[in-house]
Amino acid sequence: MGKALGFFEISGVVAAVDALDIMCKTADVEFVSWEKKLGGRLVTVIIRGNVSAVREAIETAAQNGIKKPVSKAVIANPHEEVERIVQKSADRLAKSKGWALEKNDKESESFIKEV
């Protein structure tokens, strides 16, 4: 989809879902994965898209969410090792939810729920 990753860390699952909803409605970005720490008290949402869309989504969620983020980052053209870490997170999430990884082409991958 794009060559940028956005990381949005916030306290609480509800606030994270609200932020993700804002991000996806604001710009052409896609949800990649999330990491929950401390029993869900700290959640990092990861999105992907082009650089300007990811920046817009992250900033809009920071300004309009129900809580302010603990931290946020936009990485344009992430290094392959960063992509590898993010993919591991996405794979872990897919496996825990019973989703299958489907390769649409060499550059993009999407998750679909097994029927």
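Glutamine 63 is exposed, with a relative accessible area of 55%, in this predicted model. The residue belongs to helix α2. Its C-alpha atom is separated by 9.8 Å from that of alanine 19, although the two residues are 44 positions apart along the chain.

Helix α2 itself spans residues 51-64 and lies across β1, β2, β3 and β4, with a direction at about 10° to that of β1. Helix α1, formed by residues 13-26, lies across β1, β2 and β3 and runs at about 15° to β3.

The strands crossed by these helices form an open sheet of four, in the order β2-β3-β1-β4, and their pairing is antiparallel. Strands β2 (29-37) and β4 (71-76) each have a single partner and stand at the edges, so one side of each is left without a neighbour in the sheet. On average, and with direction ignored, neighbouring strands are turned by 15° against each other.

Two of the strand pairs can be described further. Strand β1, residues 4-10, is joined to β4 by six bridges in the antiparallel sense; here glutamate 9 has serine 71 of β4 as its bridge partner. Between β2 and β3 there are eight bridges, again with antiparallel pairing, and glutamate 30 is matched with arginine 48 of β3. The hairpin of β2 and β3 has four residues between its strands, and leucine 38 in this hairpin takes a positive phi near 55°.

A positive phi is also found at asparagine 77, where the value is about 45° although the residue is not a glycine. Asparagine 77 is placed in the loop between β4 and α3 (80-97). With a relative accessibility of 60%, asparagine 77 counts as exposed, because the cut-off for that class is over 50%.

The interior was examined next. The largest nonpolar core contains 20 residues, and Phe8, Met23, Val29, Val45 and Ile47 have the most contacts inside it. At least two residues of this core come from each of β1, α1, β3 and α2. A second, separate core has six residues, among them Leu5, Val32, Ile46 and Val86. For isoleucine 47, when neighbours within four places in sequence are left aside, the contacts include Ala4, Leu5 and Gly6, as well as Leu20 and Met23. Isoleucine 47 is also in contact with residues including Val29, Phe31 and Val32, and with Val54, Ala57 and Ile58.

Buried positions in strand β3 include polar residues with side-chain contacts. Threonine 44 is found in this strand and counts as buried at 16% relative accessibility, since the class covers values under 20%. Its side chain makes a polar contact of 3.0 Å with that of glutamate 9. Beyond residues up to four places away in sequence, threonine 44 touches Phe7, Phe8 and Glu9, together with Ser33, Trp34 and Glu35.

Arginine 48 is likewise located in β3, and its relative accessibility of 15% places it in the buried class. The side chain of arginine 48 is joined to that of glutamate 83 by a polar contact of 2.7 Å.

Notes:
Residues are numbered from 1 along each chain as its sequence is written. This is a predicted model: local features need pLDDT of at least 70, side-chain atom pairs count only at pLDDT 80 or more; totals for chains, interfaces and linings use all residues. Side-chain values use heavy atoms; hydrogens and water are left out. Two strands pair if DSSP finds at least two bridges between them. Axes are lines fitted to C-alpha atoms, for helices over the stretch in contact, and angles run from 0 to 180 degrees between N-to-C directions. Contact means heavy atoms within 4.5 Å. Buried means under 20% relative accessible area, exposed over 50%, partly exposed in between (1.4 Å probe, protein chains only). A polar contact is a pair of N or O atoms within 3.5 Å; within protein, one must be able to donate a hydrogen and the other to accept it, and residues adjacent in sequence count only if both atoms are side-chain atoms. A nonpolar core is a set of buried Ala, Val, Leu, Ile, Met, Phe, Trp, Tyr and Cys residues joined through side-chain atoms within 4.5 Å.
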